[in-house]
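Colleague: I'm new to reading protein models. Could you walk me through this one, feature by feature?

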Amino acid sequence: MLMIFQQMCGINPLLFFGQRLFKKSGISFLIIPLYVTHLLSTVIMCFIVDKFGRRKLLMLGALGMLLCNSLLGVYLQLFIIPNYNEYYKNINLFDEDIRVLEPFNVKYDPKYSLLAFLCFFLFILCYSIGWGPLPYLFMSELFPPRLRGLSCSTVLIVNWVFSLIATASFFIPPLEVDIVTWIFCVFCLISIFFVYFFVPETKDKTLEEIEHYYQMNQQWLNYLF
């Protein structure tokens, strides 16, 4: 579930297609600072994860991404004029024409271009301090050694399947880009509650203590049912 939420927050579609939005908005010169922020914030997370804990960073990151996706959805609905033609209504995913990968075939109001950049900037910052690296950290901590190989492989398959789904949603009709953004908002909101109710805090705990935590929970469930 952590891997599903990691992809369905919308990070890969925004990274893949964000540069096109910036280019059409006239702020393409801000792309490099955006990706530098992604790098630096991930490095910073390595030093704060054991201080603030996994759960807090995940919930804080999800809340930040929810707000950013909401603002981006408002931007796409209010300040962008659709410019679709018949070609884009009949997209063939196997067409070699590069235009099938262009989800932003729209006209932009340049006065609000910086709002789009601010949404992207804060979104990547929130993602990098939480949902970017932490699901992989949990993957190495939560599975017992005897199951780790098969479990990690399965989790990574799920991760990339949902990466494909999230990315394809940006250019598969009948979904519009702004509608997809609101769908990402819903996943961000659900992820907050999922972390709060189901994800244990593993800060300062050994692998043996984490495995004992799940064993105790299983014993409690067996007693209850």
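**Reading the model**

Modeller: Gladly! Let's start on the outside: Ile32, Val36, Leu39, Leu40, Val43 and Phe47 make a nonpolar surface patch of about 630 Å². A patch joins residues with over 30% relative accessible area and no salt bridge: like charges within 9 Å, nonpolar side chains (Val, Leu, Ile, Met, Phe, Trp, Tyr) within 5 Å. A salt bridge is a Lys or Arg side-chain nitrogen within 4 Å of an Asp or Glu carboxyl oxygen. Accessible areas come from the Shrake-Rupley method with a 1.4 Å probe, and for residues only the protein chains shown count as cover. Please remember that this is a predicted model, where local features need pLDDT of at least 70, side-chain atom pairs count only at pLDDT 80 or more, and totals for chains, interfaces and linings use all residues. Residues are numbered from 1 along each chain as its sequence is written, and side-chain values use heavy atoms, leaving out hydrogens and water.

Colleague: Where does Leu40 lie?

Modeller: Leu40 belongs to helix 3, residues 31-52. Helices (H or I, at least four residues) and strands (E, at least two) are DSSP runs numbered from the N terminus. An α-helix has 3.6 residues a turn, so residues three or four places apart point the same way.

Colleague: How many helices and strands are there in the protein?

Modeller: There are ten helices and two strands, and along the sequence they follow the pattern α-α-α-α-β-α-β-α-α-α-α-α.

Colleague: Which residues are buried in helix 8?

Modeller: Buried means under 20% relative accessible area, exposed over 50%, and partly exposed in between (1.4 Å probe, protein chains only). In helix 8, the buried residues include Ser151, Cys152, Val155 and Asn159. Ile165 also sits in helix 8, but Ile165 is partly exposed, with a relative accessible area of 42%. Its C-alpha is 9.8 Å from that of Pro13, although the two are 152 residues apart along the chain. For the whole protein, 45% of the 225 residues count as buried.

Colleague: How many disulfides does the count come to?

Modeller: A disulfide is a covalent bond between the sulfur atoms of two cysteines. Here the rule is a pair of cysteine sulfur atoms within 2.5 Å, and the count comes to zero.

Colleague: Why is the sulfur of Cys68 not in a bond with Cys126?

Modeller: Because the two sulfurs are 5.0 Å apart, too far for a bond, even though Cys126 holds the closest cysteine sulfur to Cys68. Likewise, the sulfur of Cys188 is 5.4 Å from its closest cysteine sulfur, in Cys9, again too far. Cys68 is buried at 6% relative accessible area, and Cys188 is buried at 1%.
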